[in-house]
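Welcome! Here is a short guided tour to read alongside the sequence and the 3D view.

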Amino acid sequence: MTIRLENVGIAVRDLDATIAFFTDLGLTVVGRDTVSGEWTDTAVGLDGNHAKIAMLQTPDGQGRLELFEYINPQAIETEPTRPNEIGMHRVAFSVENIEKALEIAAKHGCHPLRGVANYKDIYKLTYLRGPSGIIVMLAEELKKG
């Protein structure tokens with residue numbers, strides 16, 4: 001059996017604000033839609049499922065995020081996840097310049113949880129809290145290979 005990662009789905013409070021954050025970091029929107037109906041109820045497992053969605057792609061074409069803002073049922077607010085909680089909790093991106101990426105994130109009110117770390121002079125990396133509380137890891141490779 002062949003398997004490949006299709007995308008990572010993230011429910012957000014404000015689709016447009018979240019798109020702005022990720023497109024400013026360099027992702028591109030490859031599609032937007034509003035979905036509802038029996039097929040979405042079946043696929044997602046929620047009755048009356050109705051959502052605005054957007055598919056974003058990394059510049060290399062290999063990574064995709066599917067963002068969705070629920071119209072129905074009403075979105076449920078939860079506490080933002082912490083890095084040590086069980087379950088899915090972050091999305092990670094390689095960036096050419098972490099300082100530039102952090103400047104872009106700051107324009108959206110998003111800042112590192114603690115700071116920028118240096119891992120054995122191989123990577124500079126940080127976790128930041130993005131739109132809707134999403135934890136985003138940014139990593140700049142210092143040594144190639």
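Is F21 buried or exposed? F21 counts as buried, because its relative accessibility is 0%, and the cut-off for buried is under 20%. Please keep in mind that this is a predicted model. The tour starts with the chain as a whole, then visits its strands, its aromatic rings and its pockets.

**The chain as a whole**

- The protein chain contains three helices and eight strands.
- Starting at the N terminus, these elements follow one another as β-α-β-α-β-β-β-α-β-β-β.
- If you trace the C-alpha atoms along the principal axes, the protein chain spans about 50 × 35 × 30 Å.
- Of the 145 residues in the protein chain, 30% are buried.

**The four-stranded sheet**

- Look for an open sheet of four strands, whose order is 1-4-3-2 and whose pairing is mixed.
- Strand 1 (8–11) and strand 2 (28–36) are the edge strands, each pairing on one side only.
- On average, neighbouring strands of this sheet are turned by 20 degrees against each other, with direction ignored.
- Eight bridges join strand 2 to strand 3 (residues 50–57), and the two pair in the antiparallel sense.
- To find this pairing in the 3D view, you can start from S36, which stands opposite H50 in strand 3.
- As background, strands of a sheet pair through backbone hydrogen bonds, in either a parallel or an antiparallel way.

**The two hairpins further along**

- Strand 6 (residues 117–119) pairs with strand 7 (residues 123–129) in the antiparallel sense, over three bridges.
- Within that pairing, A117 sits opposite L125 of strand 7.
- Three residues lie between the strands in the hairpin of strand 6 and strand 7, where K120 has a positive phi near 50 degrees.
- Strand 7 also pairs with strand 8 (residues 135–141), again in the antiparallel sense, here over seven bridges.
- Y123 has E141 as its bridge partner in strand 8.
- The hairpin of strand 7 and strand 8 has five residues between the strands, and S132 takes a positive phi near 60 degrees there.

**Aromatic rings**

- How many aromatic pairs does a search of the whole structure find? The search finds three.
- One of them joins F21 and F22, an edge-to-face pair with 4.9 Å from centre to centre and 80 degrees between the planes.
- F22 is buried too, because its relative accessible area is 0%.
- F22 also pairs with F93: the ring centres are 6.0 Å apart and the planes stand at 55 degrees, so this pair is tilted.
- That pair connects distant parts of the chain, since F22 belongs to helix 1 (residues 15–24) and F93 to strand 5 (residues 90–94), 71 residues apart.
- With a relative accessible area of 12%, F93 counts as buried.
- Taken together, F21, F22 and F93 are linked into a cluster by ring pairs.

**The largest pocket**

- The largest pocket holds about 700 Å³ of space.
- Its lining has 25 residues, and those nearest the centre are I10, A11, V12, T78 and S132.
- S132 is already familiar from the hairpin of strand 7 and strand 8.
- Strand 1, strand 4 (64–72) and strand 5 are the elements that give two or more residues to this lining.
- Strand 1 gives the largest share, three residues.
- By class, the lining of the largest pocket divides into 14 nonpolar, seven polar and four charged residues.

**The second largest pocket**

- About 540 Å³ is the volume of the second largest pocket.
- Which residues are the closest to the centre of the second largest pocket? They are L27, T58, P59, F93 and S94, out of 26 lining residues.
- F93 therefore has two roles to look for in the view: it is one of the residues closest to this centre, and its ring pairs with that of F22.
- Strand 4, strand 5 and helix 3 (98–107) each give two or more residues to the lining of the second largest pocket.
- Strand 5 supplies four residues, the largest share of this lining.
- The lining of the second largest pocket has 13 nonpolar, seven polar and six charged residues.

Notes. Residues are numbered from 1 along each chain as its sequence is written. This is a predicted model: local features need pLDDT of at least 70, side-chain atom pairs count only at pLDDT 80 or more; totals for chains, interfaces and linings use all residues. Side-chain values use heavy atoms; hydrogens and water are left out. Two strands pair if DSSP finds at least two bridges between them. Axes are lines fitted to C-alpha atoms, for helices over the stretch in contact, and angles run from 0 to 180 degrees between N-to-C directions. Rings of Phe, Tyr and Trp (its six-membered ring) pair if their centres lie within 6.5 Å; planes under 30 degrees apart count as stacked, over 60 as edge-to-face and the rest as tilted. Buried means under 20% relative accessible area, exposed over 50%, partly exposed in between (1.4 Å probe, protein chains only). On a 1 Å grid over the protein atoms alone, a cavity is a set of points where a 1.4 Å probe fits but cannot get out, and a pocket is an open set with protein on both sides within 12 Å along at least five of seven lines; lining residues have an atom within 4 Å of a point. Grid points are joined across faces, edges and corners, and a volume is the space filled by probe spheres set on the points. Ala, Val, Leu, Ile, Met, Phe, Trp, Tyr, Cys and Pro count as nonpolar, Asp, Glu, Lys and Arg as charged, and the others, Gly among them, as polar.
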